[in-house]
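Work through the exercises below with the sequence and the model side by side. Try each task before you read its solution.

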Amino acid sequence: MEKLITYAKMEYQQQDPQSKYECLLFDVDDTLYPLSSGLSTQCTKNIREYMVNKLNIEETKVPEMCAQLYQDYGTTMAGLRALGYEFDHDDYHSFAHGRLPYEYLKPDPVLKTLLHSLPIKKVIFSNANEAHVAEVLHRLGLEDCFDDVICFETLNPKNEIPNPDSSKSAVTGDDDVSKRAVVLPESPVICKPFENAFEQAFKIAKIDPHKTLFFDDSIRNIQTAKLTGLTTVLVGSSQKKKGVDYALESIHNIREALPELWESVKKSKGGRYSRKVAIETHVEA
Ligand SMILES: [Mg+2]
């Protein structure tokens with residue numbers, strides 16, 4: 001009988017989903033809702049306007065600069081700060097996000113049901129500001145689906161952002177492009193895709209990256225995520241690339257791509273049940 005109980009316990013432990021994934025970590029923009037909503041296009045427009053109107057950057061240079069900074073730094077804002085532009089972060093966010101046509105986003109009961117059906121800790125990890133994240137979750141009807149939110153203000157508390165360190169500024173060497181050593185100036189803003197942003201998020205939300213699934217639409221974020229030990233899910237494309245463990249066209253495909261999340265939940269209940277049966281059998285014997 002002792003053997004039977006031991007076996008039942010082992011089976012439970014092997015099938016326990018909690019031992020594989022304890023947390024689901026989600027980006028917000030273009031991940032919880034599709035790029036086709038048009039919200040991100042409007043956001044880019046606002047950022048470009050900010051660069052022209054508030055930072056007096058030459059209009060013809062703005063589109064390319066905006067795209068390059070986004071690619072290099074994760075957010076255009078982080079890139080602008082790295083280049084030495086000084087501006088109030090709240091002012092930037094209200095200009096870029098505060099005027100967005102949030103009515104483009106509609107409630108998503110399908111996603112809500114999917115998230116609620118998984119008894120696993122769920123955390124938001126966004127480079128955007130708190131008000132934007134709250135508004136998006138509100139519009140999608142997902143306010144009650146997450147246990148924690150890591151956003152711009154979490155990683156960049158007010159008055160704690162240092163000015164860019166000029167000693168770490170850009171190093172461009174040779175005029176010959178092929179020989180040029182490009183060292184980007186450091187940004188004082190902490191955000192994805194940089195590893196320190198992930199490390200801080202893990203600490204703040206008490207996340208073990210080796211037991212966490214990370215969802216994001218940015219391949220750069222995914223690739224850093226992979227280095228930190230997270231299991232990665234690229235959202236918005238079904239094409240797998242380096243660093244991508246799973247690739248989903250839409251967040252709605254989470255169940256088809258990762259059925260084990262739900263199967264494990266069932267097995268977990270089954271596991272608990274069979275352990276109980278083993279003990280009861282012992283009592284009856
Ligand atoms: Mg995104």
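The exercises go from the whole chain to the sheet, and then to single helices.

**Before you start**

This is a predicted model: local features need pLDDT of at least 70, side-chain atom pairs count only at pLDDT 80 or more, and totals for chains, interfaces and linings use all residues. Residue numbers start from 1 along each chain, following the sequence as written.

**Exercise 1. Take stock of the chain.**

Find how many helices and strands the chain has, and what percentage of its residues is buried.

Solution.
- Count the elements. The chain has 12 helices and six strands. Both are DSSP runs numbered from the N terminus: helices are H or I with at least four residues, strands are E with at least two.
- Now burial. Of the 285 residues, 30% are buried. A residue is buried if 20 or more other C-beta atoms lie within 10 Å of its own, exposed if 12 or fewer, and partly exposed in between, with C-beta atoms placed from the backbone.

**Exercise 2. Lay out the sheet.**

State the strand order of the open sheet and name its edge strands.

Solution.
- The six strands follow the order 3-2-1-4-5-6, with parallel pairing. Two strands pair if DSSP finds at least two bridges between them.
- The edges are strand 3 (148–150) and strand 6 (246–248), and each pairs on one side only.

**Exercise 3. Follow the bridges out from strand 1.**

Which strands does strand 1 join through four bridges?

Solution.
- Strand 1 (residues 23–26) sends Cys23 and Leu25 one way, and Leu24 and Phe26 the other way. All of these are buried.
- Strand 2 (residues 121–125) runs parallel to strand 1 and is joined to strand 1 by four bridges. There, Phe26 has Ile124 as its bridge partner.
- Strand 4 is also parallel to strand 1, with four bridges between them. Here Leu25 stands opposite Phe214.
- Go one step on. Four bridges link strand 4 to the parallel strand 5, where Phe214 stands opposite Thr232.

**Exercise 4. Explain one side of helix 10.**

Which residues of helix 10 are buried, and why do they lie on the same side?

Solution.
- Helix 10 spans residues 219–227, and its buried residues are Asn221, Ile222, Thr224 and Ala225.
- They share a side because they cover an arc of only 165° around the axis. The arc is that of the directions from the helix axis to the C-beta atoms.
- The general rule helps: an α-helix has 3.6 residues a turn, so residues three or four places apart point the same way.
- What covers them? The cover includes helix 9 (195–205), strand 4 (212–216) and strand 5 (231–235).
- Look just past the end of helix 10. Gly229 takes a positive phi of about 105° there.

**Exercise 5. Describe a helix pair.**

Work out how helix 2 and helix 5 are oriented to each other, and which residues meet.

Solution.
- Helix 2 covers residues 39–53 and helix 5 covers residues 89–96. Their axes come within 8 Å and cross at roughly 135°. Axes are lines fitted to C-alpha atoms, for helices over the stretch in contact, and angles run from 0 to 180 degrees between N-to-C directions.
- The two helices are therefore oblique. Angles under 35 degrees count as roughly parallel, over 145 as roughly antiparallel, 65 to 115 as roughly perpendicular and the rest as oblique.
- Cys43, Asn46, Ile47 and Tyr50 of helix 2 meet Tyr92, Phe95 and Ala96 of helix 5. Residues are in contact if their C-beta atoms, placed from the backbone, lie within 7 Å.

Conventions:
Contact = placed C-beta atoms within 7 Å.
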